[in-house]
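Colleague: Could you walk me through how to read the features of a model like this? I'd like the general idea, then the case at hand.

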Amino acid sequence: MGLEVPSFILGALTATGGAIGFARTGSIPSVAAGSLVGLLYALGGYRIQNGETYGVELSLLASVVLGGSSIPRAIRSQKPVPVLLSVLATYGLWTFGNAFRSSL
């Protein structure tokens, strides 16, 4: 399994989560953030799959953005959705961070 698979899965999960957040609460920021982070993951996965440059970096950026917004909320509120987003972000940070570090 290459790095493109986790990137595509994380992209689908975050985009779907943003759409669900919008459907449940009508939150425009949820759908916008979920779509943007999902797009970054998907673009990163596409670039990794095709052997293009900056694929790992885009997926790592998506993980940083997701973690930067969800980890503080998870610590503060301890609600299930921010905690799940924090787990996804941590997985992405670990996976793509290790790949980026080994490419240096």
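What follows is a talk through a pocket, a core, a buried serine and two loop residues.

Modeller: Keep in mind that this is a predicted model.

Colleague: Fine. Let's start with empty space. How much space lies in the largest pocket?

Modeller: The general idea is that rolling a probe the size of a water molecule over the atoms shows where empty space is left. Here, the largest pocket holds about 620 Å³. Its lining has 23 residues, and the closest to its centre are Gly 17, Gly 18, Ser 30, Val 81 and Leu 85.

Colleague: Which helices supply at least two residues of that lining?

Modeller: α1 (4–25), α2 (28–49), α3 and α4 (80–103) each do. The largest share is from α1, at eight residues. Sorted by class, you get 12 nonpolar, nine polar and two charged residues in the lining.

Colleague: And the largest nonpolar core? Which residues have the most contacts inside it?

Modeller: Those are Leu 10, Val 37, Tyr 41, Val 56, Ala 62, Leu 66 and Phe 96, in a core of 14 residues. Two or more residues come from each of α2, α3 and α4, with α3 giving the most, five. Take Ala 62 as a case: leaving aside residues up to four places away in sequence, Ala 62 touches Val 37, Leu 40 and Tyr 41.

Colleague: Now Ser 70. Is Ser 70 buried or exposed?

Modeller: The cut-off for buried is under 20% relative accessible area. Ser 70 has 0%, so Ser 70 is buried. You'll find Ser 70 in helix α3 (residues 55–77). Apart from residues up to four places away in sequence, Ser 70 touches Pro 82, Leu 85, Ser 86 and Ala 89. Leu 85 also turned up among the residues closest to the centre of the largest pocket.

Colleague: Last one, backbone angles. What is phi of Tyr 54 near?

Modeller: As a rule, most residues other than glycine have a negative phi. In Tyr 54, phi is near 65°, a positive value in a residue other than glycine. Tyr 54 sits in the loop between α2 and α3. At 57% relative accessibility, Tyr 54 counts as exposed, because the cut-off for exposed is over 50%.

Colleague: And where is Gln 78 found?

Modeller: Gln 78 is in the loop between α3 and α4. Phi of Gln 78 is positive too, near 55°. With 65% relative accessibility, Gln 78 counts as exposed.

Note on methods: Residues numbered from 1 in each chain as written. Predicted model: local features only at pLDDT ≥ 70, side-chain atom pairs only at ≥ 80, totals over all residues. Heavy atoms only, no water. Helix = DSSP H or I, 4+ residues; strand = E, 2+ residues; numbered from the N terminus. Buried < 20%, exposed > 50% of the residue type's maximum accessible area, 1.4 Å probe, protein only. Contact = heavy atoms within 4.5 Å. 1 Å grid on protein atoms, 1.4 Å probe; cavity = no way out; pocket = protein on both sides within 12 Å on 5 of 7 lines; lining within 4 Å. Points joined across faces, edges and corners; volume = space filled by probe spheres on them. Nonpolar A, V, L, I, M, F, W, Y, C, P; charged D, E, K, R; others polar. Core = buried A, V, L, I, M, F, W, Y, C linked by side-chain atoms within 4.5 Å.
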